[in-house]
Amino acid sequence: MSEYFLPLMIFIAPGVLAALVYPLRRWKIGVWIAAAAAILMAWAALFVLPERGFVLLGRQFFVDTFSAQVWGGLWLALAVLFALSAEFSQGWTFFPAGILLVGLSGWAMASPHLGIAALFMEIAALVSVFAIQGGRIGSVRAAQRFLVMMTLATPLFLLAAWYLDAAPGGKFAGQIALLSAGGFALWLGVAPLHGWITAMARESLPGATVLVVLIFPTVALVWLLRLTVVAPWLGDVQFASTALLWGGALSIIVGGGFTAAQNSFSALLGYSAVFQLGASVMALGLQNKTGVTIVLFGLAVRFVALLVLAAAIAIIRQGIKRDAFDRAAGIARWYPVAAFGLMVGGAALAGAPLTGGFISHWFLLKATAGVDSRLPVVVLLGSIGVTTGYLRGLWYLLRPAVAGASFSTGRYWMASAIIFVGSIAIIAVGIFPQSLLNWIAAI
Amino acid sequence: MNIPSLTDIFSIAQKLPLAFSLATFFLTGSMLLLLRDWRFSILALEVQYLALGAQLAHLVRPEIAFAKILVGIFVGLMLYLSARQAGWRKELTLAAGGKRALGNFRAGDGGILPAGRFFRVIFTLFLMVAAVSLAQTHPIGSLPPSVSTAVYWLALVGIGLLILSENPIKVGQGLLTLLIGFELWYTTLEGSLLIVGLWGAVNLLLALAIGYLGIARGVNLEEDF
């Protein structure tokens, strides 16, 4: 049997699994089969795939250890979201679409060709539309905005890849930097192109939102890091570092400022994600080892924080049927775990002390101070904005319930377990960051 | 009577001057920008794919050009079925005060021209001038001038539709037009089988996603631009 057979089968498996899950998606058993499939794929990604590859239609695909770990992490996140959807429906299409989406992101990370990766991510974006819309009739703003943004990114990447192929030595460095900067800005939702993240957070269900917000920026960061290795001369382009630093700063300002002014929990999630992604983009602009450490640390924390927030918001939405602050008065007494998860997840994204987010933000403050003294101030202000937004949410949650207000009662064991375990992980990484730092150093 | 082979058909297409395809693009792009009737805009998109095939027949292998046309036919079919499902027929009938709007070429409520048509005509003319100017001042690589103009024109029409429309099917037509313009250029650069295949899949899935969003949005397909 060819050495390529097993890796190729693992990459084809999501398509088969999605087809198997599709007819079962309306039954409870389908949820658990989908979750088991995601765990199986995570195992294959983490333990079978590293440093292996295959050839398809003359193109080489290769899974380095880092990509395999990221892909494994995405599969685990998907399994958690499937488990969450056992208690809170995320729409029937979420199961097959989720499997396909994570599967396609693996193809994008395994391809050494930026253009092919972009095409796989475009197909993933088109599949995501079904999960984002989730069968709702009426407004299609979130799905449509996402579709347009991702589709606009693809030609930019294809041209950048063509320039990369045409002159690997860096003859077209300026063109490649400009084209790929546009594409990555769209994938990452860098302000002012962040509309797809916030629209999705407002309109879509939290599971689908978190999945998409995890996948696209994560693949973008993986590819940005890869470009620093395969095309190191891109760092010599004058505007590259400045664009990353100030593009990140703009996202931090927009994300932080708007989080402080929101009036619903879903909107908090959307804008705080924009803030956190902005911090990662700014860190990439440092173009050194510290920057990479910040990006990877932030990536790991974002995975857990967004899952915790998805579970917390799902409980609150179920409790008050909407997630506006003014409707949530008193809900902390009914669902203290959800209130706790919201605070821990929000604090991690804001970079508050005693959470995992603090470590990466602290590194960012120190590193940017040496580049431009205005940047740490921007980070700090953004962080204060995000903290303010979540504290405002907490204030509403802790207020006495309005007389006659009723909440739907239910015991959400799975969501509570996700919040509990995730929160412990976030705090543990905040207090003992060394284990995560060791993992990053190994990469 | 002998059935013409694919090679015969494409040898005819190759005899068509590039300027003919460019004129077709100008016509179809203007239709997309100016008309509100879905049947005309889907027809315009279909013709656009045929013109793409005809232009590519001059530039790349005929099989690739044929594949593009085939993808275009499926895209058109998907959009047509979606628009039907979403209820444009009912909507147009209602808009025309109970009478069928098809064939009513007068501008106004229920007609095929949208409100704000004067602005749209000016906007279309502006895009035409911009496309021609860009092709002259910034010609694309080694492409013939008429193909450069077509690439700019289609890209501008696509962006124009994205700016002017909210409706998913109309926005989708904008995206597809933008991609057709890009394809006209990119196909001459990249001949990888995997990329050609993935690009075809992207076009088909895009049409599917647009159709799904069009149906999800419901019967309010008509927008007064």
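In this predicted model, the centres of domain 1 and domain 2 of chain A lie 23 Å apart, taken over C-alpha atoms. Let's take the two contacts in turn: the one inside chain A, and then the one between the chains.

**Within chain A**

The domain assignment places domain 1 of chain A at 1–236 and domain 2 of chain A at 254–443. Where they touch, domain 1 of chain A contributes 31 residues and domain 2 of chain A contributes 30 residues. On the domain 1 side, helix 3 (65–84), helix 8 (195–203) and helix 9 (206–230) of chain A each provide at least two residues. Helix 9 of chain A gives the most to this side, with 10 residues.

**Between the chains**

Chain B meets chain A through 23 residues of chain B and 25 residues of chain A. On the chain B side, the elements that supply two or more residues are helix 8 (168–189) and helix 9 (193–217) of chain B. Helix 9 of chain B accounts for the largest share of that side, 14 residues.

**Residue classes on the two sides**

For a handy overview at the bench, here is the make-up of one side of each contact.

| Side | Nonpolar | Polar | Charged |
|---|---|---|---|
| Domain 1 of chain A, touching domain 2 of chain A | 22 residues | 7 residues | 2 residues |
| Chain B, touching chain A | 20 residues | 1 polar residue | 2 residues |

So which residues should you look for when you open the structure? A good place to begin within chain A is helix 9 of chain A, with its 10 residues on the domain 1 side. For the chain contact, turn to helix 9 of chain B, the source of 14 residues on the chain B side.

Technical notes:
Residues are numbered from 1 along each chain as its sequence is written. Chains are lettered from A and ligands numbered from 1 in the order in which they are written. This is a predicted model: local features need pLDDT of at least 70, side-chain atom pairs count only at pLDDT 80 or more; totals for chains, interfaces and linings use all residues. Two residues are in contact if their C-beta atoms, placed from the backbone, lie within 7 Å. Helices (H or I, at least four residues) and strands (E, at least two) are DSSP runs, numbered from the N terminus. Ala, Val, Leu, Ile, Met, Phe, Trp, Tyr, Cys and Pro count as nonpolar, Asp, Glu, Lys and Arg as charged, and the others, Gly among them, as polar. Domain bounds come from an automatic or database domain assignment.
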